[in-house]
Amino acid sequence: MTSNNAASDKAASDKAAGKGPGRRRRPTIHDVAREAGVSRGTVSRVLNGGHYVSPAAADAVNAAIRKTGYVLNRHARSLITGRSGSAAFLLTEPQEKFFEDPNFNVLLRGCTQALAAHDIPLLLMIAGSHEEQRRLVRYVSAGHVDGVLLVSSHTGDPVAERLVTSGIPVVMCGKPMGHTTRLAHVAADDRDGARQMVRHLLATGRRRVATVTGPLDTPGGVERLAGYREVLAEAGLPADETLIAAGDYSRAGGAAATAELLAGRPDLDALFVASDLMAQGALAELARSGRGVPADVAVGGFDDSAAALDSRPQLTTIRQPWDRISAEMVRLLLDQVGGADTSAVILPTDLVVRDSA
C-alpha cells in the first residue's frame with residue numbers, strides 16, 4: 001500500500017510538472033535547438049529577428065519550431081528586452097463611431113495583419129472622453145505596449161503629445177494638426193483627392209458645386225475643403241459660402257448638412273461630400289426632396305469604403321489606399337521602436353467613377 005501511494009504521489013507530481021502521461025511537456029528553446037541541430041543562441045537570434053543567421057539555419061529553426069510546437073514566452077522575453085512585444089491601435093473617438101464608420105474597421109484589420117507578419121499582437125483601445133484618454137495614456141506609458149497607432153486625433157487633442165513626452169513611439173493616421181512636437185504620420189493626399197473629385201464634377205457640366213465638409217478640426221476636413229476651393233478658383237467660379245456646409249463624418253450629419261444646403265441653395269447641381277458615409281445621408285436627403293441623382297444633382301464621396309458600394313446609386317468617390325496606409329503606419333512604428341527617427345508618408349488617392357456622377 002505504501003509503494004502504491006508513493007507511485008501515485010510521484011505521478012501527480014510529474015503531471016503537475018508537465019512530465020506525466022496526462023500532460024505533454026511544453027517544448028523549450030533547447031528542444032528547438034536540438035531538433036534543428038543548431039545552438040540555443042542561433043534559435044534566440046532567429047526569434048529576435050534573424051540577424052546574423054544564415055538562411056539555411058533560419059529555415060532549420062523555423063521548421064523545428066513548427067515540428068515541436070514551440071511557442072515564444074513573451075513575458076520572459078519582455079523581462080529581458082524591456083519590451084512588451086505588443087502594440088496599440090488607439091482611436092480617440094466615441095465608441096459608436098468605431099462601429100458606424102467602416103474606415104476604422106478596414107484600418108484596424110490592415111494594421112492587425114501587418115503586425116501579425118512580425119508576430120506582434122495589436123490591442124484595440126477606444127478613448128472618446130478626456131478621462132478615458134488620460135487613463136489609457138497612463139496605461140500605455142506604464143510599458144504595457146511598445147508603441148501606438150493613433151487614429152482620428154482632432155486639433156488640440158493632447159493624446160499624441162502626452163505619449164511622445166512619455167517616450168512612447170507613436171504614428172498617427174492623417175496629418176498632425178496643432179501639435180508642437182514632430183510626429184510620425186501616414187496620410188492619403190486629401191487635398192489632391194478633393195481636387196480630382198471637384199474637377200470630375202465640373203467636367204460633367206455642373207457649375208453650382210456644393211460641398212459637405214468633414215469636421216474642420218481634423219486634417220481631412222481642412223484639406224478636402226482646401227482642395228474644393230482651389231479647383232473652383234481655377235475654374236473661375238466665385239467663392240460662395242452658401243454652397244458650403246459642415247458635416248461630422250456621420251450618415252446623419254451628411255443628411256443634416258445637405259438639408260441645410262438645399263434650403264439655402266435649391267439650385268445646386270452637384271455635391272462633393274467629404275466621406276462616403278456622409279454621402280449616404282446626402283443621397284437620402286436628396287431623394288426626400290424629390291431630386292434625382294445624377295439627373296438633378298451629381299454626387300461624389302470620399303474614401304471608397306463599403307458605404308460607396310452599398311449606396312443607391314453607387315457612389316463615385318475617391319479611393320484611399322487603406323492597405324498601404326496600414327502597412328506604412330506599422331513600418332514607421334516598428335522603425336521607431338527600433339530607434340529610428342520619426343518620418344511622414346503621404347500616399348496618392350484615385351478617382352473611382354460610378355453611377356452617382
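Which residues is cysteine 173 in contact with, leaving aside its neighbours within four places in sequence? In this predicted model, the contacts of cysteine 173 are Leu107, Leu150, Val151, Ser152, Val186, Ile325 and Met329. Cysteine 173 lies in strand S4, which runs over residues 170-173. Its relative accessible area is 18%, and because the limit for a buried residue is under 20%, cysteine 173 counts as buried. One of its contacts, serine 152, is 21 residues away in sequence, and the two C-alpha atoms are 6.9 Å apart in space.

The protein as a whole has 357 residues, of which 48% count as buried. Its secondary structure comes to 15 helices and twelve strands. Among contacts with a separation of 6 or more, 70% are between residues 24 or more positions apart.

The next result concerns empty space inside the model. Rolling a probe the size of a water molecule over the atoms shows where such space is left. The count comes to one cavity of 30 Å³ or more. The largest cavity has a volume of about 480 Å³. Its lining is made of 30 residues, and those closest to its centre are Phe104, Ser152, Arg224, Tyr249 and Trp322. The elements that give two or more residues to this lining are helix H6 (95-100), helix H7 (102-116), strand S5 (184-188), helix H11 (219-234) and helix H15 (322-337). By class, the lining of the largest cavity holds 13 nonpolar, nine polar and eight charged residues. Domain 2 (87-189 + 323-348) and domain 3 (190-319) both give residues to the lining, so the largest cavity lies between these two domains. Serine 152, already named as a contact of cysteine 173, is among the residues closest to the centre of the cavity.

Helix H11 is one of the elements of the cavity lining and can be described further. H11 has 16 residues, which at 1.5 Å a residue should span 22 Å; the C-alpha atoms at its ends are 23 Å apart, which agrees with that expectation. The buried residues of H11 are Pro219, Gly220, Gly221, Glu223, Arg224, Leu225, Ala226, Gly227, Tyr228, Val231 and Leu232. These buried residues pack against helix H10 (190-203), strand S6 (209-213), strand S7 (244-246) and strand S8 (270-273). H11 is followed by glycine 236, which has a positive phi near 75°.

Two residues illustrate this packing. Valine 231 is found in helix H11. Its relative accessibility is 2%, so valine 231 counts as buried. Not counting residues up to four places away in sequence, valine 231 touches Arg195, Val198, Arg199 and Leu202. Leucine 202 is 29 residues from valine 231 in sequence, and the C-alpha atoms of the pair are 9.2 Å apart. Phenylalanine 272 has its place in strand S8. At 1% relative accessibility, phenylalanine 272 is also classed as buried. Beyond residues up to four places away in sequence, phenylalanine 272 touches Ala194, Met197, Val198, Leu201, Ala210, Thr211, Val212, Arg224, Tyr228, Gly300, Gly301 and Phe302. The C-alpha atom of phenylalanine 272 is separated by 7.2 Å from that of valine 209, a residue 63 positions away along the chain.

The remaining results concern the backbone. Most residues other than glycine have a negative phi, and most peptide bonds are trans. Tyrosine 249 is not a glycine, yet its phi is positive, at about 70°. Tyrosine 249 is placed in the loop between S7 and helix H12 (251-264), and this residue is also among those closest to the centre of the largest cavity. Aspartate 304 is another residue other than glycine with a positive phi, here near 55°. Aspartate 304 lies in the loop between S9 and H14 and is buried, with a relative accessible area of 16%.

Cis peptide bonds are found before two prolines. The bond from valine 293 to proline 294 is cis, with omega near 5°. Proline 294 is in the loop between helix H13 (276-288) and strand S9 (298-300). A cis peptide bond also joins arginine 312 and proline 313, with omega at about 0°. Proline 313 is in the loop between helix H14 (306-310) and strand S10 (317-319).

How values were computed: Residues numbered from 1 in each chain as written. Predicted model: local features only at pLDDT ≥ 70, side-chain atom pairs only at ≥ 80, totals over all residues. Heavy atoms only, no water. 1 Å grid on protein atoms, 1.4 Å probe; cavity = no way out; pocket = protein on both sides within 12 Å on 5 of 7 lines; lining within 4 Å. Points joined across faces, edges and corners; volume = space filled by probe spheres on them. Helix = DSSP H or I, 4+ residues; strand = E, 2+ residues; numbered from the N terminus. Nonpolar A, V, L, I, M, F, W, Y, C, P; charged D, E, K, R; others polar. Domains from an automatic or database assignment. Expected span 1.5 Å × (residues − 1). Buried < 20%, exposed > 50% of the residue type's maximum accessible area, 1.4 Å probe, protein only. Contact = heavy atoms within 4.5 Å.
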